[in-house]
Amino acid sequence: MRVTRIGGPTVLVEWAGWRILTDPTFDPPGRTYAFALGTSSRKTAGPALSPEAIGEVDVVLLSHHHHADNLDDAGRAALSSARTVLTTVAGAKQLSSGGGHTDARGLRAGDTVTLTAEGKPDLSVTATPCRHGAPLTRPIVGPVVGFSLTLDGAARPGLWMTGDTVMYGALRAAARGLRPDVALVHIGAVKFPLTGPLAYTMNAEDAVELIALAQPGVVVPIHVEGWSHFSQQEEAAAEVFEAAPGDVRDRVRWAPLGQPVDLS
């Protein structure tokens, strides 16, 4: 598996012939985007690679469509380069409407879809649970899913993308003993002045707990830089991982932006 971290939550994964793109964000920096309840965030860094440099992909894993730090304008345009988009049920409905993407599929946590392509092993994708904030915030922040991927019916996943989520019971239950080869873990500790201490994604301390439960072979932290609403960015998160127990610390591998990293 080869992973190229592009910025924010956006990663290109090349695996057994499959080209997989996560949460496409390709807008240039400098713009401020509105979120729910009058909250907003400024994009502070652009992508390490352009959509043109990436080229066509087989599938986009889109944890949710309604926040610009996971799908911005240029990222939305880049969806046309993907044969299939997997996302939430609400996201698939929106992306398919009005002559939109021809193969946008909506998944709820626990749903599985198997993708096939000539010359490639079957790719099964199961949606995993996410809660993008404190209890009872879903009507405000909307639905989100993560994705667990296996090849040819393997006993355990080769890849898990957590999606934007806080730590909570359903996520702990899904993670326990999952043992993916590679985990893309969304952190950043998203916060807004309007809602004070409430966090809308995990911080690195939460990720340490999640890694201990899931026991992935390799962890690549993502969704941790490039936006003003990430209250814990890369340097601070790296300090937390460095201080974690060895069984967690030794699994974490930072991928330099724009540079392909081969994982084993």
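A salt bridge here is a side-chain nitrogen of Lys or Arg within 4 Å of a carboxyl oxygen of Asp or Glu. The model is a predicted one. By that criterion, Asp72 and Lys43 are joined through their side chains, with N and O 3.0 Å apart. Asp72 sits in the loop between β6 (57-61) and α2 (73-78), and Lys43 in the loop between β5 and α1 (51-54), so the salt bridge ties together parts 29 residues apart in sequence. Both Asp72 and Lys43 are buried.

The whole structure holds 13 salt bridges. One of them joins Arg5 to Glu225, with 2.9 Å between the closest N and O atoms. This pair links distant parts of the chain. Arg5 belongs to strand β1 (residues 2-7). Glu225 lies in the loop between β14 (218-222) and α7 (234-242). The two are 220 residues apart. Arg5 and Glu225 are both buried. Glu234 joins in as well: Arg5, Glu225 and Glu234 are linked in a network of salt bridges.

A further salt bridge pairs Asp247 with Arg251, the closest N and O atoms lying 3.0 Å apart. Its two ends differ in cover. Asp247 has 48% relative accessibility, so it counts as partly exposed. Arg251 has a relative accessible area of 17%, which means that it is buried; the cut-off for buried is under 20%.

Now turn to the sheet that contains β1. It is an open sheet of seven strands, in the order β8-β7-β6-β3-β2-β1-β15, and its pairing is mixed. At the edges stand β8 (104-106) and β15 (261-262); each has a single partner strand, so one side of each lacks a neighbour in the sheet. Strands of a sheet pair through backbone hydrogen bonds, either parallel or antiparallel.

Begin at the β8 edge. Strand β7 (residues 82-87) and β8 run parallel and are joined by three bridges. Leu86 has Arg105 in β8 as its bridge partner. Helix α3 (residues 89-96) packs on the sheet here and touches both β7 and β8. The direction of α3 makes about 155° with that of β8.

Move along to β1, β2 and β3. β1 and β2 pair in the antiparallel sense, over five bridges. Thr4 is matched with Leu12 in β2. The hairpin of β1 and β2 has two residues between the strands, and Gly8 takes a positive phi near 60° there. The next pairing is also antiparallel: β2 and strand β3 (residues 18-22) share five bridges. Val13 finds its bridge partner in Ile20 of β3. β2 and β3 again form a hairpin with two residues between them. Ala16, in that turn, has a positive phi of about 50°. Strand β2 (residues 10-15) is mostly covered, with five of its six residues buried.

Strand β13 (residues 182-186) is next. Five of its five residues are buried, so β13 is largely enclosed by the rest of the structure. Val182, Leu184 and His186 point one way from β13. Ala183 and Val185 point the other way. Both sets are buried. Strand β12 (residues 159-161) runs parallel to β13, and three bridges join them. Within this pairing, Met161 has Leu184 in β13 as its bridge partner.

Another buried site lies in helix α4 (residues 138-141), which holds Val141. Val141 is buried because its relative accessible area is 7%, against a cut-off of under 20%. What does Val141 contact, leaving aside its neighbours within four places in sequence? The contacts are His66, His67, His132 and Tyr200. Arg131 is 10 residues away from Val141 in sequence, and their C-alpha atoms are 8.9 Å apart in space.

Finish on the surface. Leu37, Ile140 and Leu194 form a nonpolar patch, with about 320 Å² of accessible area together. Leu37 is placed in the loop between β4 (32-34) and β5 (40-42). Its relative accessibility is 58%, so Leu37 counts as exposed; the cut-off for exposed is over 50%.

Methods. Residues numbered from 1 in each chain as written. Predicted model: local features only at pLDDT ≥ 70, side-chain atom pairs only at ≥ 80, totals over all residues. Heavy atoms only, no water. Pairing = 2+ DSSP bridges. Helix = DSSP H or I, 4+ residues; strand = E, 2+ residues; numbered from the N terminus. Contact = heavy atoms within 4.5 Å. Axes fitted to C-alpha atoms, helices over the stretch in contact; angles between N-to-C directions. Patch = residues over 30% accessible without salt bridge, like charges linked within 9 Å, V, L, I, M, F, W, Y side chains within 5 Å. Areas by Shrake-Rupley, 256 points an atom, 1.4 Å probe, with all protein chains shown as cover. Buried < 20%, exposed > 50% of the residue type's maximum accessible area, 1.4 Å probe, protein only.
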